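Reader: I'd like to learn how to read a fold from its strands, contacts and cysteines. Could we walk through one together?

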Amino acid sequence: MEKIKKSILKIFLFACLGLTLTTITFARMGGKAPGPPGRPEATNIHRFGCRLTYLAPLDDGGAPIQQYHIEIRTDWDKTWIFKGKTPFLEYDVDGMFGGTEAEFRVLAENEFGKSEPSKPCKVIEFTDPF
């Protein structure tokens, strides 16, 4: 009789543990990709780069933002190209050439996916100092 009681108790505990894990799993399924970040703003513009700053999305999609993806579109290539990524609300752009005009946009990413892109910043001209 004692063996039967122990077996029933083990089954009961296992069932409770399984129910708890299932509940936790279902609670995590309600997330989505975040909303778009704020429009980036360029500061410290120089011949070879600048610093971009932007605001976090108003909606994080139910999960922390893991990183921000920076994209660039130049006057000589009108498609958006991946430039870099960072977990911070600022990004130092480098590798630009004097005389190039470019604009940047930002996407936020959480565990559920990437956001829509932000509005692009104003067109920036990386000028030669001469």
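Reader: Let's start small. In which strand is the place of Asn-44?

Author: Before that, keep in mind that this is a predicted model. Asn-44 sits in strand 1, which covers residues 41-46.

Reader: And is Asn-44 buried or exposed?

Author: The general idea is to look at relative accessible area, where over 50% counts as exposed. Asn-44 has 57%, so it is exposed. Its backbone deserves a glance too: phi is near 50°, a positive value in a residue other than glycine.

Reader: Which way does strand 1 run relative to strand 2?

Author: They are antiparallel, with four bridges joining them. A hairpin of two residues links strand 1 to strand 2. If you want a facing pair to find on screen, Thr-43 is opposite Arg-51 in strand 2.

Reader: What about strand 2 and strand 5, how many bridges join them?

Author: Four bridges there, and this pair also runs antiparallel. Here, look for Thr-53 opposite Glu-90 in strand 5.

Reader: Where should the side chains of a strand point?

Author: In a regular strand they alternate between the two faces of the sheet. With that in mind, let's move to the core.

Reader: How many residues has the largest nonpolar core?

Author: It has 16 residues. Among those with the most contacts inside it are Cys-50, Tyr-54, Ile-70 and Phe-104. Strands 2, 3, 5, 6 and 8 each supply at least two residues of this core. Strand 6 (100-110) gives the most, with four residues.

Reader: What does Tyr-54 touch beyond its sequence neighbours?

Author: Leaving out residues up to four places away in sequence, Tyr-54 touches Gly-38, Arg-39 and Pro-40, and also Tyr-68, Ile-70, Phe-88 and Val-106, among others.

Reader: Now a polar residue. Is His-69 buried or exposed?

Author: Buried means under 20% relative accessible area. His-69 comes in at 8%, so it is buried. You'll find His-69 in strand 3, residues 67-74.

Reader: Which side chain makes a polar contact with the side chain of His-69?

Author: That's Glu-109, at 2.6 Å. Once residues up to four places away in sequence are set aside, the residues His-69 touches include Phe-82, Lys-85, Arg-105, Leu-107 and Lys-114, along with Glu-109 itself.

Reader: Can we do a loop residue as well? Where does Ser-118 lie?

Author: Ser-118 is in the loop between strand 7 (113-114) and strand 8 (124-126). Its relative accessibility is 6%, so Ser-118 counts as buried. Not counting neighbours within four places in sequence, Ser-118 is in contact with Pro-36, Pro-37, Gly-38, Arg-39 and Pro-40, plus Arg-105 and Val-106.

Reader: Last topic: the cysteines. How many disulfides does the count come to?

Author: The general idea first: a disulfide is a covalent bond between the sulfur atoms of two cysteines. The cut-off here is a sulfur pair within 2.5 Å, and by this rule the count is zero.

Reader: Why is there no bond from Cys-50 to the closest cysteine sulfur?

Author: Because that sulfur, in Cys-121, is 7.2 Å away, too far for a bond. Going the other way, the closest cysteine sulfur to Cys-121 is in Cys-50, again at 7.2 Å.

Reader: And is Cys-121 buried or exposed?

Author: Cys-121 counts as buried at 3% relative accessibility. Cys-50 is buried too, with a relative accessible area of 4%.

Note on methods:
Residues numbered from 1 in each chain as written. Predicted model: local features only at pLDDT ≥ 70, side-chain atom pairs only at ≥ 80, totals over all residues. Heavy atoms only, no water. Buried < 20%, exposed > 50% of the residue type's maximum accessible area, 1.4 Å probe, protein only. Contact = heavy atoms within 4.5 Å. Polar contact = N/O pair within 3.5 Å; in protein donor to acceptor, adjacent residues only side chain to side chain. Core = buried A, V, L, I, M, F, W, Y, C linked by side-chain atoms within 4.5 Å. Pairing = 2+ DSSP bridges.
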